[in-house]
Amino acid sequence: MARIHPTALVATGARLADDVEIGPYSIIGEHVEIGAGTTVGAHAVITGHTTIGARNRIFHFVSLGEAPQDKKYAGEPTRLEIGDDNVIREFCTFNTGTVQDRGVTTIGSHNWIMAYVHIAHDCVVGDRTIFANNASLAGHAEVGDWAILGGFTGVHQFCKVGAHVMTGISSVVFKDIPPFVMASGQPAAPHGLNNEGLRRRGFSAEALAALKRAYKILYREGNTLAEAQARLAPEAEQHAEVRQLLDFLGRAERGIIR
């Protein structure tokens, strides 16, 4: 049976796995589901139509599944879905989706999310990301697998941050950041490949060389985005990493950082 502190308030409709732990003064809403091995600290509020997977560590004073900060929201039963093995530190705020978009905010698995991070409505966060303190996503943003957002990074609504991206502290992201790129500044600008991160994750020397060539085509040779895409196409046939980059560029509706 779930271990619920006597001061916690858990709605009768909430579904908790047998080994879930709920800390003092926390509030768990009627439509919340929490998976096996997840722990919730003190003074947390988890509400809305929220599903949380297994083995998550949720710290004190978080707010998960609250209504989106969107004036168009009219109480529709939108959702928040969180995967497995995430660490969610103090004072994080994750909102549910809106019917104007997917209707669900999605956070994957194995993410390390530090204090005061905000993830707004309809965002999509992949797996194994790191959000440093006070990083924030506006509505409808996307963050790919293994991305690292430096402290106080702000991502504008509808922007996409590609897989394996790393941003510097206090970066302001107004356009999409292609996969594998390091970015910083206000507004954020590209500063080379995330070479060290890629090496640590086991990318081969051949893959890194292909990405270096791709970065040069995209950012160093004065090509327009269309010209760069055309020149990257043959490389994409030979290297899956360049294919991933090219596919992202095809979805970059806001344009890419320059």
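This passage describes the sheet, the nonpolar core and several backbone features of a predicted model.

An open sheet is formed by 9 strands, and the pairing within it is parallel. Read across the sheet, the strand order is β2-β5-β8-β11-β14-β17-β20-β23-β26. Two of these strands, β2 (9-10) and β26 (172-173), pair on one side only and are the edge strands. In general, the strands of a sheet pair through backbone hydrogen bonds, in either a parallel or an antiparallel manner. One pairing in the sheet is that of β20, residues 136-137, with β23, residues 154-155. These two strands run parallel and are joined by 2 bridges. Within this pairing, S136 stands opposite G154 of β23.

The largest nonpolar core of the model comprises 68 residues. Those with the most contacts inside this core are I34, I46, L64, F94, I119, F131 and L137. Two or more residues each are given to the core by the strands β6 (32-34), β12 (79-82), β27 (181-185) and β28 (188-193), and also by the helices α2 (205-220), α3 (225-238) and α4 (240-250). Helix α2 provides the largest share, with 9 residues. The surroundings of I34 were examined further as an example. When residues up to four places away in sequence are not counted, I34 touches R15, L16, A17, V20, I22, I28, V40, I46 and I52. Among these contacts, I46 is itself one of the core residues with the most contacts.

Several backbone features occur in loops. A cis peptide bond, with omega of about 5°, joins Q186 and P187. P187 is found in the loop between β27 and β28, and both of these strands give residues to the largest nonpolar core.

Positive phi values are found at H43 and F152, neither of which is glycine. For H43, phi is near 60°. This residue is placed in the loop between β7 (39-40) and β8 (45-46). The relative accessibility of H43 is 36%, so H43 counts as partly exposed. For F152, phi is about 65°, and the residue lies in the loop between β22 (148-149) and β23. F152 counts as exposed because its relative accessibility is 52%, and the cut-off for an exposed residue is over 50%. The strands that follow these two loops, β8 for H43 and β23 for F152, both belong to the open sheet.

Definitions and conventions
Residues numbered from 1 in each chain as written. Predicted model: local features only at pLDDT ≥ 70, side-chain atom pairs only at ≥ 80, totals over all residues. Heavy atoms only, no water. Core = buried A, V, L, I, M, F, W, Y, C linked by side-chain atoms within 4.5 Å. Buried < 20%, exposed > 50% of the residue type's maximum accessible area, 1.4 Å probe, protein only. Helix = DSSP H or I, 4+ residues; strand = E, 2+ residues; numbered from the N terminus. Contact = heavy atoms within 4.5 Å. Pairing = 2+ DSSP bridges.
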